[in-house]
Amino acid sequence: MGKLVIVGSVAFDAIETPFGKTDKILGGAAPFIGLAAAQFQVDSAIVSVVGEDFPQEYLDLLASKNIDVSGIEIVKGGKTFFWSGKYHNDLNTRDTLVTELNVMADFDPKVPDSYKDAEVVMLGNLHPNIQLGVINQMTVQPKLIVLDTMNYWIENTPKELMAVINKVDVITINDEEARQLTNEYSLVKAAAKIQEMGPKYVVIKKGEHGALLFHDSHIFFAPALPLEEVFDPTGAGDTFAGGFVGYIAQSRNIGFENLKNAVIQGSNLASFSVERFGTKRMTSLTKEEINKRLLQFKALTQFDIAIQ
Ligand code: AMP
């Protein structure tokens, strides 16, 4: 079993979509990543921080999926990070209504000793200095470090972000952010520029239009499964990342061919995550359901054409 360290927010989310509204439910990048990675044979740990108001029941839920939660610090008297968002009718765009950093404002990540030699490190979307802090705590050079980031850090902490980008093997980023980071409209040019910044692999997420994996001159495209119903896209990117790293940690193979499969595994799990509010769908998912949809992915993209 490969070891995986996940750093990311653990949060309360309040979400509004055209289909309904939730009160504060379990959210944050790390639970989405962890629950997706838990679908594979991995030994994973979440490194994060919550307040005293965070229900033990949520920690138990993560632990029940074999996720080590000893690296989730509980701050006495503190309040858990809170995020609230409202989706527009097309579900592709959303407004952030509230971001209360609370205990996340002073987050000083501590990787548990037994995970400092993990082969795979997943740096969820957070301040780049926190991401760098986690890399610096690893006592053995990880085989693969994967970074997720967003426009906020590109705009507000570009220097710090470049320092961490330089130290990772894979970056996952959405199309608009890739353009913003590189000033290139063409995603092929943008990916080439990002590879020059450090990462050998660049994953560009295009929401309902799938994801692209770039490595040297190779490009691989994975579609998103066309779904009848998307209920809540929150955490789709994190679920994708969790499936991606979970599969790699399990297979212990960081070659391009294997990373192609990791992109498919991530896309597959993300297609489930959006079917219910928050992390709900991921907690009830079965191997049979996952495999059935993997076959749909295969059927969707395979064709046999005669080249004349
Ligand atoms: P995504 O839909 O992939 O953008 O991820 C949504 C998750 O990210 C939610 O569960 C939020 O709690 C979390 N989130 C939102 N804003 C931030 C932030 N500034 N830092 C860390 N996590 C955040």
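These questions and answers deal with helix packing, a pocket and a cavity in a predicted model.

Q: Why are H1 and H8 called oblique to each other?
A: The axes of helix H1 (residues 29-37) and helix H8 (residues 236-251) cross at roughly 40 degrees. Angles under 35 degrees count as roughly parallel, and roughly perpendicular runs from 65 to 115. The angle of roughly 40 degrees fits neither class, so H1 and H8 are oblique.

Q: How do you know that H1 and H8 are in contact, and which residues make the contact?
A: Contact means heavy atoms within 4.5 Å. On H1 the contact is made by Ala29, Phe32, Ile33, Ala36 and Ala37, and on H8 by Asp238, Thr239, Gly242, Gly243 and Gly246. The axes of the two helices come within 7 Å, and the crossing of H1 and H8 is right-handed.

Q: What makes four residues of the contact of H1 with H8 polar?
A: Gly counts as polar here, and Gly242, Gly243 and Gly246 of H8 are in the contact. Thr239 of H8 is also in the contact, and Thr counts among the polar residues because Thr is on neither the nonpolar nor the charged list. The whole contact divides into five nonpolar, four polar and one charged.

Q: Why is the packing of H8 with H9 called oblique?
A: H8 and H9 pack at an angle of about 140 degrees. Only angles over 145 count as roughly antiparallel, so H8 is oblique to H9. Their axes are 7 Å apart, and H8 passes H9 in a right-handed crossing.

Q: How many residues of the contact of H8 with H9 are charged?
A: The contact has no charged residues; it divides into ten nonpolar and nine polar. Phe240, Phe244, Tyr247 and Ile248 are among the H8 residues in the contact, and Leu259, Ala262, Val263 and Leu269 are among those of H9.

Q: Why are H6 and H7 called oblique?
A: Helix H6 (residues 175-182) and helix H7 (residues 187-197) pack at about 60 degrees, with axes 9 Å apart. The roughly perpendicular class begins at 65 degrees and the roughly parallel class ends at 35. H6 and H7 are therefore oblique to each other.

Q: Is the crossing of H6 and H7 left-handed or right-handed, and which residues meet there?
A: The crossing is left-handed. Asp175, Ala178, Arg179, Leu181 and Thr182 in H6 meet Leu187, Ala190, Lys193, Ile194 and Met197 in H7. This contact divides into six nonpolar, one polar and three charged residues.

Q: What makes Lys260 and Phe297 lining residues of the second largest pocket?
A: A lining residue has an atom within 4 Å of a point of the pocket. Lys260 and Phe297 are included in that lining, as are Phe220, Asn261 and Leu294. Strand E15 (218-222), helix H9 (256-273) and helix H11 (287-301) each give two or more residues, and H11 gives the most, with five. The lining divides into seven nonpolar, three polar and two charged residues, and the pocket holds about 240 Å³ of space.

Q: Why is the largest cavity called a cavity and not a pocket?
A: In a cavity a 1.4 Å probe fits but cannot get out, whereas a pocket is an open set. One cavity of 30 Å³ or more is counted, and the largest has a volume of about 50 Å³. Gly2, Glu119, Val120, Lys143, Ile248, Ala249, Arg252, Asn253 and Ile254 line the largest cavity.

Terms used: Residues numbered from 1 in each chain as written. Predicted model: local features only at pLDDT ≥ 70, side-chain atom pairs only at ≥ 80, totals over all residues. Heavy atoms only, no water. 1 Å grid on protein atoms, 1.4 Å probe; cavity = no way out; pocket = protein on both sides within 12 Å on 5 of 7 lines; lining within 4 Å. Points joined across faces, edges and corners; volume = space filled by probe spheres on them. Helix = DSSP H or I, 4+ residues; strand = E, 2+ residues; numbered from the N terminus. Axes fitted to C-alpha atoms, helices over the stretch in contact; angles between N-to-C directions. Left-handed = near helix turned anticlockwise from the far one by under 90°.
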